[in-house]
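Trainee: Got a minute? I'd like to go through this one with you, starting broad and then getting into the details.

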Amino acid sequence: MAVVQPAGRKLEAKSQTLHHANQLGPISSKEICQNLPEAASGMFGWMRSWWNWCPTSELLLKQAEERLISYVHTAYEDKIVSISKGNFIRTICMKQDTENEKTPLVMVHGFGSGVGLWVKNLDALSSQRTLFAFDVLGFGRSSRPKFSNNATNAERQFVDSIEEWREEMGLNKFVLLGHSLGGYLSAAYALRYPQRVQHLILIDPWGFPERPPPGQASGRPRVPMWIRALVFLVQPFNPLALVRAAGPWGPSLIQKFRPDFKNRFKDVDDAILYDYIYHCNAQAPSGETAFRSLTESVGWAKYPMLMRIHEIEERVPITMIYGSRSWIDNETGWKVKDLRKDSFVDVHVVKGAGHHVYTERPDEFNRLVMQACDVSDKLAEEDAVGELPQFLEDDAVRPFQRTESTLTMRDDPPRVSVVLD
């Protein structure tokens, strides 16, 4: 475990090394950048040696993350948490030593991401309570095991890893926050372990609605034809295969596909940001392989969470936060509210934000999350779900009323993500 001080004043880790080059489980480092299916090995085998040009490594990812997280001013502990089958979950912990300890907050990132992209939220959200953020199994600096190609089993592997992590961390109950794929996994965790979840906060969650029948509008923004064609062409491969296929041109490919990240992280050096995103996604495909197993067609979940959300215990309150310009349809939030009539469900749409609400409107996002956490504290005090405090409203952040005009409101056409969700 390493204790990291703010503003770059980092102490050396003495109790535990963070280098785990030989602990990747079933996937060896030699498999990095190799993502072609076995069926294609004869036709495309010549490409494998070229793909080894990928200029990445675990060490480069670690260094890229350190540069990005140097923008965080609060001291944190850097941990490698061992779980079963030789796997591990990379975790950062920001502890608050107070007499009246509040319910801790656990943050779960989305597809192709890692703890570094919470850089605009960690200081604020850790100011009043202990915060944990970890790299999801198969992503970031966590181990990258082989996942089942069965959707149910792959989901169970993700959920099991979170529960094993909780046991190792000694947490009893916590506020569980998940973004996009992390929202789907957080909901799946609450289904199996509701007694551990004090409050479920879902940020623009992926995987909730059912895939509409052919010819029927989905309610979400239509995916442009060029992206649909691209998805068709790369269907035999994992979602981020193009990043690895680009070899030494991978970093520039990330910038070309996602120039919008410059505006989302205005206070962060572009080179540092894109370097981190690249190294997160150029590593051995593991979590993305599992994600592919969870999906069908163009990004629909095989087992939509909307069909199961009512099975989460009634006492578990849910807060859902969407961006008004996101490609995720916020109608899902209102459907959840309808399905859980006897439970607390609060839906917020942040004006002017897209899918990455936490980076595009960080102040509003942080405020909403802290307010949801305050609800959790009151629940812990009362030990029952009763009348709960209403969230505050202002001009920038407000719960939208359920009307057709607000449900379809978008400030301008949303951006569709093809590299990072």
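Mentor: Sure, we'll take the chain as a whole and then some strands, helix pairs and a single residue.

Mentor: Keep in mind that this is a predicted model.

Trainee: Okay. How many helices and strands are there in the protein chain?

Mentor: The secondary structure comes to 16 helices and 12 strands.

Trainee: And what share of the residues count as buried?

Mentor: Of the 421 residues, 56% count as buried. As for contacts between residues at least 6 apart in sequence, 78% join residues at least 24 apart.

Trainee: Let's look at strands. Is β3 buried or exposed?

Mentor: Strand β3 covers residues 88-94, and 7 of the 7 are buried, so the strand is largely enclosed by the rest of the structure.

Trainee: Which way do its side chains point?

Mentor: Phe 88, Arg 90, Ile 92 and Met 94 point one way, while Ile 89, Thr 91 and Cys 93 point the other way. In a regular strand, side chains alternate between the two faces of the sheet. In β3, the residues pointing either way are all buried, Arg 90 included.

Trainee: Which strands does β3 pair with?

Mentor: One is β2, residues 76-82, which pairs with β3 in the antiparallel sense over 6 bridges. Another is β5, residues 131-134, also antiparallel to β3, over 4 bridges.

Trainee: Which residues stand opposite each other there?

Mentor: On the β2 side, Val 81 is opposite Ile 89 of β3. On the β5 side, Cys 93 of β3 stands opposite Phe 132.

Trainee: What about the turn between β2 and β3?

Mentor: Those two strands form a hairpin with 5 residues between them. Lys 85 sits in that turn and has a positive phi of about 60 degrees.

Trainee: Switching to helices. How do α5 and α12 pack?

Mentor: We describe two packed helices by the angle between their axes and the distance between the axes. Here α5 (residues 151-169) and α12 (residues 287-294) pack at about 135 degrees, with their axes 8 Å apart. The two are therefore oblique to each other, and α5 passes α12 in a left-handed crossing.

Trainee: Which residues make the contact?

Mentor: From α5 you have Ala 151, Ala 154, Glu 155 and Phe 158, and from α12 Gly 287, Ala 290, Ser 293 and Leu 294. By class that's 5 nonpolar, 2 polar and 1 charged.

Trainee: Is α12 itself enclosed or open?

Mentor: Largely enclosed by the rest of the structure, since 6 of its 8 residues are buried. The buried ones are Gly 287, Glu 288, Ala 290, Phe 291, Ser 293 and Leu 294.

Trainee: And how do α3 and α11 cross?

Mentor: Their axes come within 9 Å and cross at roughly 145 degrees, and that crossing is left-handed. Helix α3 is residues 58-69 and α11 is residues 270-281.

Trainee: What meets what there?

Mentor: Leu 60, Leu 61, Ala 64, Glu 65, Arg 67 and Leu 68 of α3 meet Ile 272, Asp 275, Tyr 276, His 279 and Cys 280 of α11. That contact has 7 nonpolar, 1 polar and 3 charged residues.

Trainee: Last one: where is Val 349 found?

Mentor: In strand β11, residues 345-350. Val 349 counts as buried because its relative accessibility is 2%, and the cut-off for buried is under 20%. The C-alpha atoms of Val 349 and Asp 204 are separated by 9.4 Å, though the two residues are 145 apart along the chain.

Technical notes: Residues are numbered from 1 along each chain as its sequence is written. This is a predicted model: local features need pLDDT of at least 70, side-chain atom pairs count only at pLDDT 80 or more; totals for chains, interfaces and linings use all residues. Side-chain values use heavy atoms; hydrogens and water are left out. Axes are lines fitted to C-alpha atoms, for helices over the stretch in contact, and angles run from 0 to 180 degrees between N-to-C directions. Angles under 35 degrees count as roughly parallel, over 145 as roughly antiparallel, 65 to 115 as roughly perpendicular and the rest as oblique. A crossing is left-handed if the near helix is turned anticlockwise from the far one by less than a right angle, and right-handed if clockwise. Contact means heavy atoms within 4.5 Å. Ala, Val, Leu, Ile, Met, Phe, Trp, Tyr, Cys and Pro count as nonpolar, Asp, Glu, Lys and Arg as charged, and the others, Gly among them, as polar. Buried means under 20% relative accessible area, exposed over 50%, partly exposed in between (1.4 Å probe, protein chains only). Two strands pair if DSSP finds at least two bridges between them.
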